[in-house]
Amino acid sequence: MRIVFASSEAVPFSKTGGLADVATALPKALAQIGHDVSLITPYYPQVLKRSGVEIPAIKRTGISIRVQVGPKFIEGQVLQSTLPGSRVNVFLIEQPIYFDRPGLYVEQDQDYRDNSERFVFFSRAVMEATRLLGLKPEIVHANDWQTALVPALVNIEYRGTPGFEHTASIFTIHNMAFQGQFWHWDMLLTGLDWKYFNWRQMECYGHLNLLKTGISFADLVTTVSPTYAREIQTPEFGCGLNGALSARQSDLEGILNGVDTEVWNPATDTYIAKNYSLGALEDGKAVCKAALQKRLGLPERPSVMLLGSISRMTHQKGFQLLEQCASMLLDQDIQLVFLGSGEPRFENLLLEMAKSHPEKVATTIGYDEELSHQIEAGADAFLMPSEFEPCGLNQMYSLIYGTVPIVRAVGGLADSVIDASDENVANGTANGFSFCEFRSDVLFWNICRARSLFADKQKWHRLQRAGMKRDWSWKHSADEYVRVYERAIAKCLAPAECEGDERQDEGPAHQ
Ligand code: ADP
Ligand code: GLC
């Protein structure tokens with residue numbers, strides 16, 4: 001199958017969150033099972049330079065694209081690279097005015113004011129680059145609001161033209177909280193007819209909504225866990241688009257993300273003090289824990305439970321619960337290690353905790369790939385009390401590293417963490433601690449539960465073992481995506497279905 005995968009971020013070229021991990025790991029897994037995958041992403045030279053990560057060679061293809069964005073014609077260049085150790089072709093869109101900036105979407109906590117223009121350009125550039133490169137895709141797979149215009153372009157402008165005879169589009173939602181909502185006049189930037197600016201397709205409460213556009217126009221819509229697929233059809237999790245999602249219920253699927261096990265594997269991880277696997281778990285983790293404590297200036301105590309957190313420090317990730325139970329946590333004989341950045345209120349709280357209790361808390365503000373691996377290997381348990389979590393990757397990294405997750409049972413956390421109830425511990429299925437109510441006392445109680453089980457080495461080992469034994473790689477999820485792609489292609493070959501979105505109630509023209 002020929003697949004074009006479009007994403008506004010992809011490791012190692014750029015990253016603000018889990019989307020970047022998925023945007024390379026899924027194409028790699030699809031290529032491994034024999035598909036022909038091209039990944040298209042923007043080229044952010046300043047971001048790349050600052051990250052200091054090693055990247056594969058990038059060369060010019062000599063292909064220029066020229067697309068219309070509102071009244072302007074914008075040019076861009078197509079650059080080419082590969083993903084290390086894979087057959088995935090990477091095409092990077094170079095457009096210095098839009099992408100040669102210090103941030104991807106935000107600078108000094110402010111969204112770039114021309115984000116709609118930048119990503120309308122990028123979505124059009126994806127389609128033009130695909131055409132000019134002669135990729136002839138059967139599937140174009142767009143992700144999140146930044147590329148959500150792509151399914152509309154496939155449907156309205158490209159399908160049926162040379163190279164796109166039966167192209168089907170897939171749209172994956174990684175987070176409903178970010179919708180790409182702009183004032184209605186930005187409809188002019190998209191170059192699409194005002195007839196699409198109606199409540200079923202691109203309009204939402206008088207605004208242009210790109211996420212809704214992707215949901216409405218894609219042949220099939222997916223999100224990153226089965227539980228989140230159900231949750232987002234409810235007002236509590238739907239962020240105002242639950243109606244749009246329910247309307248596409250039969251075309252919406254949840255597929256749990258996988259883990260790139262070439263990157264996240266305690267047996268081969270080059271960042272950690274000692275490699276280990278299930279057989280030599282206790283010894284390996286003890287060495288990694290001591291090394292982590294040493295690096296962060298915490299007392300090297302093997303018996304104290306060390307809790308880790310690697311996260312955007314935001315409301316989504318449940319930091320307000322930690323804030324509410326901070327003083328109770330500091331009274332416990334535990335160690336807490338935080339890595340991340342986010343809302344100043346939470347950064348300051350965690351820095352303050354580290355300052356007042358240096359023997360218990362170590363806080364690192366910033367992004368640090370190496371330390372993130374060392375925390376996964378060295379921590380005993382991992383905190384993820386998210387308010388909502390479409391999938392979440394760190395709980396799965398934790399499970400692979402024998403680090404027991406403590407999570408709220410939402411989205412992908414509910415689909416990956418099995419609570420240590422007496423019954424689940426006894427039958428060997430439990431791999432973590434999972435709670436429903438979004439309350440700080442419930443979180444605190446679960447941390448206490450974890451601590452008492454931590455004292456029982458045999459039972460704790462059972463939890464670790466259950467997490468490490470399961471296959472968290474992309475293999476299974478990649479097969480699921482292939483099934484969705486086949487379904488979308490079949491749908492597009494059936495003429496009645498293909499007319500689908502165009503048949504929708506177009507509503508009144510809105511000028
Ligand atoms: P989200 O995309 O909502 O932030 P995910 O769990 O899907 O959450 O993905 C977050 C990704 O970013 C993971 O790969 C995690 O390890 C990584 N990450 C987040 N913060 C940091 C940090 N400060 N340093 C290193 N890696 C981080
Ligand atoms: C989003 C979600 C996160 C998910 C990631 C990758 O950033 O917040 O839960 O794991 O996308 O799909």
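**Notes on two ligand sites and the cores**

1. Start with ligand 1: it has 19 residues around it, and Gly18, Asp21, Arg312, Lys317 and Gly366 come nearest (a residue is near when one of its heavy atoms lies within 4 Å). Keep in mind that this is a predicted model, where local features need pLDDT of at least 70, side-chain atom pairs count only at pLDDT 80 or more, and totals for chains, interfaces and linings use all residues. Residues are numbered from 1 along each chain as its sequence is written, chains are lettered from A and ligands numbered from 1 in written order, and side-chain values use heavy atoms, with hydrogens and water left out.

2. Which side chains make polar contacts with ligand 1, through its oxygen atoms? Arg312 does so at 2.7 Å, Lys317 at 2.8 Å and Tyr397 at 3.3 Å (a polar contact here is a pair of N or O atoms within 3.5 Å). The protein covers 90% of the 560 Å² of accessible area that ligand 1 has on its own (Shrake-Rupley method, 1.4 Å probe).

3. As for where that shell comes from, helix H1 (18–32), strand E15 (305–313), strand E16 (334–342) and helix H15 (394–400) each give two or more residues. E15 has the largest share, with 3 residues. Helices (H or I, at least four residues) and strands (E, at least two) are DSSP runs, numbered from the N terminus. By class, the shell holds 5 nonpolar, 9 polar and 5 charged residues; Asp, Glu, Lys and Arg count as charged, and Gly is among the polar ones.

4. Now ligand 2, which is surrounded by 13 residues, with His174, Asn257, Glu389, Cys391 and Gly392 the closest. Its oxygen atoms pair with a backbone N or O atom of Cys391 at 3.0 Å, with the side chain of Gln316 at 3.2 Å and with that of Asn175 at 3.4 Å. Here the protein covers 92% of the 310 Å² that ligand 2 has accessible on its own. H1 turns up again, giving the largest share of this shell, 3 residues.

5. Away from the ligands, look at the largest nonpolar core: it has 79 residues, and Ile93 and Phe121 have the most contacts inside it. Such a core is a set of buried Ala, Val, Leu, Ile, Met, Phe, Trp, Tyr and Cys residues joined through side-chain atoms within 4.5 Å, with buried meaning under 20% relative accessible area. Helix H4 (residues 115–132) gives the most, 8 residues.

6. Ile93 touches Phe121, Phe122, Ala125 and Ala129, among others (contact means heavy atoms within 4.5 Å; residues up to four places away in sequence are not counted). A separate core of 37 residues includes Leu321, Leu329, Val425 and Phe433.

Methods. Polar contact = N/O pair within 3.5 Å; in protein donor to acceptor, adjacent residues only side chain to side chain. Buried < 20%, exposed > 50% of the residue type's maximum accessible area, 1.4 Å probe, protein only.
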